[in-house]
Amino acid sequence: MARPLRLQYPGAWYHVMNRGWRRQEIFRNKRDYTTFLDLLGQCAQLFELEVHAYSLMSNHYHLLVRTPRGNLSRAMRHLNGVYTQKFNRCYRLDGALFRGRYKAILVYDDSYVMELVRYIHSNPWRAGLEKKRGTHSWTSHRGYMKKGESPTWLNRRFVLSYFGQYEQAAQARLDAFIKEELPKELLERLSWGNWPAMLGPESFKEWVKEKFLGDRLDVKGVPELRKVLREEKISKLKSIALKKWDQREEDFHKVRRGRDNACKRAMIYASRRYLKATSREVGEEFGGIGHAAVSMQYRRAVEEIKEKCGCYPYVKELETALKLQLKS
């Protein structure tokens with residue numbers, strides 16, 4: 001069975017991440033880190049991949065890349081595949097090293113890119129691996145601050161130009177920027193285990209949908225595009241709850257044992273019944289709950305609707321609102 005397509009086009013920006021299988025270590029020592037970076041440099045040369053930021057942790061990595069040739073899948077297949085071979089050969093192992101295909105967020109340029117540079121360079125600090133931001137040995141921030149420590153393939157020009165015309169002043173501004181707190185909204189989007197398909201303004205999302213869907217391509221073949229459409233509609237669903245039922249965004253993501261939430265159950269039911277989201281997609285949107293929990297909530301909602309109790313009045317309100325808001 002062919003793999004689903006990804007959203008790819010020349011000049012696209014991506015935030016890429018992958019993690020070790022069952023969160024196991026993918027970098028055990030300095031040799032592993034340098035092997036991975038050497039391969040990343042190969043990808044920059046072989047596939048004309050522009051690497052603008054990276055952060056390597058013991059069990060996962062983050063990259064910020066741009067693809068002039070629109071070939072992210074080929075580059076990442078080479079990077080992950082060859083590194084897995086080298087790692088397994090070194091430690092006499094076999095099988096998968098990573099938990100699966102990499103995750104990639106399609107990113108609108110400029111300010112969104114800069115926020116991701118800060119997010120990636122701050123990753124070791126948030127994990128408690130450094131006392132001072134920007135001092136971790138395996139992030140590109142050191143290469144930005146000291147040109148002599150920068151790999152030749154690290155593309156520093158675009159990011160530094162955002163902070164000033166002269167390198168020394170730009171480095172100082174970038175360093176200060178990295179040490180500022182990250183926007184709460186960005187942290188929430190990237191910490192729920194359910195990365196968005198893209199980061200950017202609504203106009204960018206509309207452009208992507210028009211470019212990749214149109215009349216030519218089935219949305220089922222492009223998982224990122226399916227995710228965009230589903231996110232857009234579920235966000236409208238959530239906005240209804242925020243206005244009508246005095247719910248907070250975090251209420252949809254917290255899993256509280258022993259506490260019933262009929263509003264949330266109505267949302268889960270509507271997402272499955274009317275938006276045709278899969279159990280996995282619903283689980284990711286509502287607290288990272290599993291397939292069994294989603295199915296249980298859905299079945300309970302069905303029973304309550306029959307009995308006209310529990311989540312029933314909330315479902316009826318959603319039905320009315322959805323007819324008005326989700327026709328497009």
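**Figure 1. N18 and the residues around it.** Leaving out residues up to four places away in sequence, N18 touches N59, H60, Y61, N80, F98, R99, G100, R101 and Y102. As with every view here, this one is drawn from a predicted model. N18 sits in strand β1, which covers residues 12-19. With a relative accessibility of just 1%, N18 counts as buried. One partner to look for is N80: 62 residues separate N18 from N80 along the chain, yet their C-alpha atoms are 8.9 Å apart.

**Figure 2. The whole chain, for orientation.** Before going further into the details, here is the overall picture. The chain contains 14 helices and five strands. It has 328 residues, of which 49% count as buried. Among contacts with a separation of 6 or more, 71% are between residues 24 or more positions apart.

**Figure 3. V16 in the largest nonpolar core.** Which residues touch the most other members of the largest nonpolar core? They are V16, L56, Y61, L63 and L106, in a core of 66 residues. For a closer look, take V16: not counting residues up to four places away in sequence, V16 touches Y61, H62, L63, V65, L72, M76, Y102, K103 and A104. A second core, separate from this one, has 23 residues, including A262, M267, Y269 and L275.

**Figure 4. T84 in helix α2.** Helix α2 runs over residues 72-91, and T84 is part of it. Is T84 buried or exposed? Its relative accessibility is 14%, so T84 counts as buried, the cut-off for that class being under 20%. Setting aside neighbours within four places in sequence, T84 is in contact with G95, L97 and F98.

**Figure 5. Helix α7 and its buried face.** Helix α7 is made of the 12 residues 167-178. At 1.5 Å a residue, α7 should span 16 Å, and the C-alpha atoms at its ends are indeed 16 Å apart, so the expected and modelled values agree. Its buried residues are A170, Q171, L174, D175, F177 and I178. Viewed down the axis of α7, these buried residues fall within an arc of 160 degrees, so they line one face of the helix. A reminder that helps in reading this view: an α-helix has 3.6 residues a turn, so residues three or four places apart point the same way. What do the buried residues of α7 pack against? Their partners are α3 (111-121), α5 (141-145) and α6 (157-163).

**Figure 6. Helix α3, with R118 picked out.** Helix α3 is mostly covered, with eight of its 11 residues buried. Those residues are V113, M114, L116, V117, R118, Y119, I120 and H121. R118 may catch your eye in this list: its relative accessible area is 4%, which makes it buried. Leaving aside neighbours within four places in sequence, R118 is in contact with F177, I178, E180, E181, L182 and P183. Of these partners, E180 is 62 residues from R118 in sequence, while the two C-alpha atoms are 8.5 Å apart in space.

**Figure 7. Where helix α11 crosses helix α13.** Here α11 (residues 262-273) meets α13 (residues 291-307), with their axes coming within 9 Å and crossing at roughly 100 degrees. That angle makes α11 roughly perpendicular to α13. On the α11 side, the residues taking part are R265, I268, Y269, R272 and R273. On the α13 side, they meet V294, Q297, Y298, R300, A301, V302, E304 and I305.

**Figure 8. Two loop residues with a positive phi.** Most residues other than glycine have a negative phi. E48 is not a glycine, yet its phi is positive, at about 55 degrees. You will find E48 in the loop between α1 (30-46) and β2 (50-56). With a relative accessible area of 44%, E48 is partly exposed. K308, also not a glycine, has a positive phi of about 55 degrees. Its place is in the loop between α13 and α14 (312-325). K308 has a relative accessibility of 59% and therefore counts as exposed.

Note on methods. Residues numbered from 1 in each chain as written. Predicted model: local features only at pLDDT ≥ 70, side-chain atom pairs only at ≥ 80, totals over all residues. Heavy atoms only, no water. Helix = DSSP H or I, 4+ residues; strand = E, 2+ residues; numbered from the N terminus. Expected span 1.5 Å × (residues − 1). Buried < 20%, exposed > 50% of the residue type's maximum accessible area, 1.4 Å probe, protein only. Arc of directions from axis to C-beta. Contact = heavy atoms within 4.5 Å. Core = buried A, V, L, I, M, F, W, Y, C linked by side-chain atoms within 4.5 Å. Axes fitted to C-alpha atoms, helices over the stretch in contact; angles between N-to-C directions. Parallel < 35°, antiparallel > 145°, perpendicular 65-115°, else oblique.
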